Amino acid sequence: MSNTPDVSLVIINYNKPDLTRDCILSIIEHTRSVSFEIIVVDNASTKGNIDDIETLDSRIKLVRSPENLGFAKGNNLGIQYTTAEVILLLNNDTLLLNDAIGIAYRFLLSKPRAGAVAARAQYPDGIVQHSAQPLPEIKYLLIELFRLQKLMSKTRREDVLLSTFFDHNRNVEAGWVWGTFYMFRKSMLKDLPSGKLADDFFMYNEDMQWGIETARAGYETWFCADARIIHLEGKNSFKSEMANRNFDILMNRYYGALYYRFYKAIKKSINLFSR
């Protein structure tokens, strides 16, 4: 009988050992239907003590990075230590509300072309986070610009535009999903351009890049509403600036400068008309 777990979790810790411990304890409490291991990557923390994290459970392995690699590279480091064929990247500022890992795992396996699956995330007060997003393409902006969504049924509108148009209360195929809870097949990595999850960015919009590359490799990305988590989502003053810069890079790289010029012009028009 194989001792290989069903799911390998990778959790990044940077200066927040208490959050990481709470996250792991919620995993242990709620995950009953699948076997798992947890790889904790400490991203060269300068505060807090993570030394005893492995004492929480025998299924935990601590990996120390000599430098702060950021989110994507830190996760790629952790992935190197995984043994399962399904991997879950999980933010340390999350708490499971149910057997989210088992639910997402079975959902992923039920979709032959699914490369990745995300869970339904909410704030502590229960307000949903809009983690299922469409790919950044002009056709979706044109629907908003000409108010074509008003001609669609609620279900069709949600399926096409996702994001704030979608109530996140049912399963749906998405263009990309937040990296907060990002479950994927390890076998998918070989079909991505670099043979791994893209890690060009220190943080922000790497999950959008994963969605673009996953779609272009022929895989689907899904949102699973039945798998539920709380995402505390701490604020970062650099988020907007870094996210905007990374978005510029993504659009120019994957869609081209001319396409992106039109994209920005349409987006600007939408913002003007919505005032």
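# A tour of rings, cores and a helix

Start by selecting Phe-71, Tyr-182, Phe-184 and Trp-210: ring pairs link these residues into a cluster. Keep in mind that what you have open is a predicted model.

**Stop 1: aromatic pairs**

Aromatic pairs in this model come to a count of 9. Stay with Tyr-182 and Phe-184. Their ring centres are 5.8 Å apart and their planes meet at 45 degrees, so this pair is tilted. The cut-offs help here: planes under 30 degrees apart count as stacked and over 60 as edge-to-face, with the rest called tilted. Are Tyr-182 and Phe-184 buried or exposed? Both of them are buried.

Now select Tyr-255 and Tyr-259. Here the aromatic pair is stacked, with 5.1 Å from centre to centre and 25 degrees between the planes. Tyr-255 counts as buried, because its relative accessibility is 15% and the cut-off for buried is under 20%. Tyr-259 has a relative accessible area of 27%, so this residue is partly exposed.

**Stop 2: charges over rings**

Next, show the side chains of Lys-111 and Trp-222. The charged end of Lys-111 sits over the Trp-222 ring, 4.2 Å from the ring's centre. Then try Arg-113 with Tyr-219: Arg-113 lies over the face of Tyr-219, and the distance to the ring centre is 5.1 Å.

**Stop 3: the nonpolar cores**

Which residues touch the most other members of the largest nonpolar core? Select Ile-27, Ile-101, Phe-181 and Met-183, which do so in this core of 35 residues. Colour helix α3 (residues 100-110) as well: α3 gives the core its largest share, 6 residues.

Zoom in on Phe-181 and display what surrounds this side chain. Leaving out residues up to four places away in sequence, Phe-181 touches several residues, among them Leu-88, Leu-89 and Leu-90, Ala-100, Ile-101 and Ala-104, and also Ile-229. Val-117, Ala-118 and Ala-119 are on its contact list too.

For a second, separate core, select Ala-116, Val-172, Tyr-182 and Ala-225, which are included among its 31 residues. You have met Tyr-182 already, in the ring cluster.

**Stop 4: helix α5**

Finally, highlight helix α5, residues 154-161. Which residues of α5 are buried? Glu-158, Val-160 and Leu-161 are buried there. Add α4 (138-145) to your view, as α4 is part of what covers the buried residues of α5. Then step just past the end of α5 to Leu-162, where phi is positive, at about 50 degrees.

Key
Residues numbered from 1 in each chain as written. Predicted model: local features only at pLDDT ≥ 70, side-chain atom pairs only at ≥ 80, totals over all residues. Heavy atoms only, no water. Phe/Tyr/Trp six-rings, centres within 6.5 Å; stacked < 30°, edge-to-face > 60°. Buried < 20%, exposed > 50% of the residue type's maximum accessible area, 1.4 Å probe, protein only. Lys NZ or Arg CZ within 6 Å of the ring centre and 35° of its normal. Core = buried A, V, L, I, M, F, W, Y, C linked by side-chain atoms within 4.5 Å. Helix = DSSP H or I, 4+ residues; strand = E, 2+ residues; numbered from the N terminus. Contact = heavy atoms within 4.5 Å.
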